[in-house]
Amino acid sequence: MPEPLKVLELYAAIGRQIAAARLRVHPRPISQTELATRVQLARGSIANIERGRQRPPLDTLYRIARALGVEPRQLLPSLADLDADGPRSIDVDGVPGPVLEQIEALGIEGREIIAYIGEAKERLARAPREGDG
């Protein structure tokens, strides 16, 4: 008999996927407020969805996907993700989720910091390493 679906973990995982997708939007990440405006929800609803506290209906998931420029399936966790033990936090460009949440709380400056981190990582990846030559 298959394991029962862990509903709370499902919505927490969907929230993490949405938050990660929102922070990867190019050319710059978008805020919860901007996403809320695009999908005609309150910013608090987006925050609650991202934290797994609010269960978005299917049509809302599609509106969020469209606003983020991704396919709806990219917002859904795989069964393997749901079966894995323990909660995972968002990790975008090597920056752990709790740090991203604190940066996001800064608002516009937070988006600039996230963009700066991504640019700095790219520059570091292209820079010659000591001992190379």
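Is Glu50 buried or exposed? In this predicted model, where residues are numbered from 1 along each chain as its sequence is written, local features need pLDDT of at least 70, side-chain atom pairs count only at pLDDT 80 or more, and totals for chains, interfaces and linings use all residues. Side-chain values rest on heavy atoms, with hydrogens and water left out. Glu50 turns out to be buried, with a relative accessible area of 10%; buried here means under 20% relative accessible area, exposed means over 50%, and partly exposed is in between, using a 1.4 Å probe and protein chains only.

Before going further into that site, a quick look at the whole chain. The secondary structure comes to seven helices and two strands, with helices (H or I, at least four residues) and strands (E, at least two) taken as DSSP runs numbered from the N terminus. Read from the N terminus on, the order of elements is α-α-α-α-α-β-β-α-α. The chain has 133 residues, and buried ones make up 38% of them. About 8800 Å² of the chain is exposed, and carbon and sulfur atoms supply 54% of that; accessible areas come from the Shrake-Rupley method with a 1.4 Å probe, and for residues only the protein chains shown count as cover. Contacts (heavy atoms within 4.5 Å) can also be sorted by sequence distance: among those between residues at least 6 apart, 56% join residues at least 24 apart.

Back to Glu50, which sits in helix α3 (residues 43-50). Leaving aside residues up to four places away in sequence, Glu50 touches Gly15, Arg16, Ile18, Ala19, Arg22 and Gln32. The Glu50 side chain also makes a polar contact with the side chain of Arg22, at 2.6 Å. A polar contact is a pair of N or O atoms within 3.5 Å; within protein, one must be able to donate a hydrogen and the other to accept it, and residues adjacent in sequence count only if both atoms are side-chain atoms.

Ile18, one of the residues touched by Glu50, leads straight into the core. The largest nonpolar core has 20 residues, and Ile18, Leu35, Ile64, Leu68 and Leu75 are the ones that touch the most other members. Two or more residues each come from α1 (7-23), α2 (32-39), α3 and α4 (58-68), and α1 gives the largest share, six residues. A nonpolar core is a set of buried Ala, Val, Leu, Ile, Met, Phe, Trp, Tyr and Cys residues joined through side-chain atoms within 4.5 Å. Again not counting residues up to four places away in sequence, Ile18 touches Leu35, Ile49, Glu50, Leu61, Ile64, Leu68 and Leu75.

How do α2 and α3 sit against each other? Their axes come within 8 Å and cross at roughly 110°, where axes are lines fitted to C-alpha atoms, for helices over the stretch in contact, and angles run from 0 to 180 degrees between N-to-C directions. The two helices are therefore roughly perpendicular to each other, the label for 65 to 115 degrees; angles under 35 count as roughly parallel, over 145 as roughly antiparallel and the rest as oblique. On the α2 side the contact is made by Gln32, Thr33, Leu35, Ala36 and Val39, and on the α3 side by Arg43, Ile46, Ala47 and Glu50. The buried residues of α2 are Gln32, Glu34, Leu35, Ala36 and Val39.

Arg43, also in helix α3, is partly exposed, with a relative accessible area of 41%. Setting aside residues up to four places away in sequence, Arg43 touches Gln32, Thr33 and Ala36. Its side chain and that of Gln32 are joined by a polar contact of 2.7 Å. Arg43 and Thr33 are ten residues apart in sequence, yet 4.9 Å apart in space, C-alpha to C-alpha.

The loop between α2 and α3 holds Gln40, which counts as exposed at 71% relative accessibility. Phi of Gln40 is near 60°, a positive value in a residue other than glycine.

Two more residues pair up with distant parts of the sequence. His26, in the loop between α1 and α2, is exposed, with a relative accessible area of 71%. His26 and Gly69 are 43 residues apart in sequence and 9.4 Å apart in space, C-alpha to C-alpha. Leu82 lies in helix α5 (residues 79-83) and counts as buried at 9% relative accessibility. The C-alpha atoms of Leu82 and Ala12 are separated by 9.7 Å, with their positions 70 residues apart along the chain.
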